Amino acid sequence: MTHSAADTIAPDRTVRLLDTTLRDGEQAPGVSLSPDEKVEIARGLERAGVAVIEAGSACTGAGERQAISRVTDLDLDALVTSFCRGMTSDVDLALECDVDGVHIVVPSSDRHVEGKVGTSREDNLATTAELVEYATDHGLWVEVIGEDGSRADLDYLEELMATAADAGADRLCFADTVGHTGPERTAEAVSRLAEIGPVSAHTHDDLGLGVANALSAVSAGADLVHCTVNGLGERAGNVALEEVAIALSHVYDVETLELEQLYDLAQLVSRATGVQLAPNKAVIGENAFTHESGIHTDGTLKDDKMYEPYAPETVGRERRLALGKHTGRAGVKATLEEHNVEASDEEIAEIATRVTELGDRGRRVTDADLLAIAEDVTGDDRERVVDLLDLNATSGGPVPTASIRLEVGGEERVASGTGSGPVDAAVSAVREALGSMADAELDSYHVDAVTGGTDAVVTVEVTMVRNDRSVTVARSEADITRASVEAMVDALDRLLAADQQPLAPADD
């Protein structure tokens, strides 16, 4: 047990998660999901065990309705819903998509009742009752969201939600629509609504209090939390699904999801939306289970709980040792062992010193850098398996093309390829030249500008995986295509050399 007896969220509580990535998450600037992408994400949410999937807002347009219908056609175990404004026509459009339920948003603060909708408190109560009755009469599960509830008069919010419940609403939602409030106000509001019926919490992260407010809502009686994968959403985003799930599990022993699915789900949403994950993002950021500091690395190698709150495998991750100015001998030794490189204690000490010196110059030290340093220190001169001899890429025509000349095990190979751009074409050419031995997967690809201006130098960093072994290589060039190919070829060279297998002839 990782929580104290004083905590108010008991381990036997049933708490479920509602994911609104496909609706509220898509409201993040620059994010637009195709029907195929929504289907793929919905399947990922189902694998993770999300209880309710808000598939979109049917009133948005015909394309959105098509996407929602595609999700409902999946016949998921999750309840599939649509967001509706306070009008019966929105409910009708949701019904066209064959959803299981709707979220009807009604104003709850005077700012929204009077300023946004232009109505009165009394008329708002009557409209809410009519909307709920209309939706329930059509066989829909109904949740009523009191928009801007965190800035509402709580007496009126309570009256509004009681009206919705009396009209047949299945669930009432406290919404901190603009990320305005804190845990104390959240608890006060939710505890009052919980006396009326089942309560949900919809929190935003504008003050960095999204998770705190969600947990406060649960402690006050909410049993459903609205989230988005990776915390996507307008402004600073919604509360992150992965953060709520791991906080409830780790701190309170309350299980909501298949936690080992979280990292794959985060990657899926990141690719679909084009929103990269911040390296220091909780749970799913690159650095969440990465150790560079010599003290931390040494401690983690001795006891994996020393500097981690929970095992990375819990959320589908793996621990990673990074190399840099803070790397110690334990980290160097462990990383060399991963690459099957043997070195004496004296050699490891010298390698660690050189890694630190490289890190002091502002460089991120890659696996290839470490292995090159190790080869120099140990005197182990390795013959390259794959070497880049020549590269030509063009993108002026309708189809980008590239040709490449490699030396592979002493044999020269020439190949060409096409792609969506010159980098893609060049990578295709490399794979064509190597044939079946180029069966490594590109795990990550990052491009950073090192200098500004029209003559900018870029650094391309790739991580490639083959037979459960990974290598990270970085290359800096003025030409992004050449930097990409050099990095990829060097990574493949390291991976193939590690296997110590003769290279097969190129495929015909």
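Helices are DSSP runs of H or I with at least four residues, and they are numbered from the N terminus. On this basis, G49 lies just after α1 and takes a positive phi of about 90°. The structure described here is a predicted model. Its chain comprises 16 helices and 16 strands. Of the 508 residues in the chain, 51% count as buried. Among contacts between residues at least 6 apart in sequence, 64% join residues at least 24 apart.

Helix α1, which precedes G49, spans residues 35-48 and contains 14 residues. From the first C-alpha to the last, α1 reaches 20 Å, close to the 20 Å expected at 1.5 Å a residue. The buried residues of α1 are K38, V39, I41, A42, G44, L45 and A48. These buried residues pack against two strands, β1 (16-19) and β2 (52-56), and against two helices, α2 (62-72) and α10 (262-273).

Two packed helices are described by the angle between their axes and the distance between the axes. For α1 and α2, the angle is about 30° and the axes are 9 Å apart. Angles under 35 degrees count as roughly parallel, and α1 and α2 are therefore roughly parallel to each other. The crossing of α1 past α2 is right-handed. On the α1 side the contact is made by P35, D36, K38, V39 and A42, and on the α2 side by E64, Q66, A67, R70 and V71. By class, five residues of this contact are nonpolar, one is polar and four are charged. K38, V39 and A42 of α1, which take part in the contact with α2, are also among the buried residues of α1.

A second helix pair is formed by α7 (residues 183-194) and α8 (residues 210-219), whose axes come within 8 Å and cross at roughly 30°. Helices α7 and α8 are therefore roughly parallel to each other. Helix α7 passes α8 in a right-handed crossing. Helix α7 contributes P183, T186, A187 and V190 to the contact, and α8 contributes A212, N213, S216 and A217. The residues of the contact of α7 with α8 comprise five nonpolar and three polar residues, with no charged residue.

In helix α12 (residues 329-338), the residues G331, V332, A334, T335 and L336 are buried. Helix α12 is followed by N340, whose phi is positive, near 60°. A positive phi is thus found at N340 after α12 and at G49 just after α1.

Two individual residues were also examined. H112 is found in helix α4 (residues 110-116). With a relative accessible area of 11%, H112 is buried, because buried means under 20% relative accessible area. Not counting residues up to four places away in sequence, H112 touches P107, V117, E147, D148 and R151.

T418 is found in strand β13 (residues 411-418). The relative accessibility of T418 is 47%, and T418 therefore counts as partly exposed. Leaving aside neighbours within four places in sequence, T418 is in contact with V399, P400, T401, D424, A425 and S428. T418 and S395 are 23 residues apart in sequence, and their C-alpha atoms are 9.7 Å apart in space.

How values were computed:
Residues are numbered from 1 along each chain as its sequence is written. This is a predicted model: local features need pLDDT of at least 70, side-chain atom pairs count only at pLDDT 80 or more; totals for chains, interfaces and linings use all residues. Side-chain values use heavy atoms; hydrogens and water are left out. Axes are lines fitted to C-alpha atoms, for helices over the stretch in contact, and angles run from 0 to 180 degrees between N-to-C directions. Angles under 35 degrees count as roughly parallel, over 145 as roughly antiparallel, 65 to 115 as roughly perpendicular and the rest as oblique. A crossing is left-handed if the near helix is turned anticlockwise from the far one by less than a right angle, and right-handed if clockwise. Contact means heavy atoms within 4.5 Å. Ala, Val, Leu, Ile, Met, Phe, Trp, Tyr, Cys and Pro count as nonpolar, Asp, Glu, Lys and Arg as charged, and the others, Gly among them, as polar. The expected span of a helix is 1.5 Å times one less than its number of residues. Buried means under 20% relative accessible area, exposed over 50%, partly exposed in between (1.4 Å probe, protein chains only).
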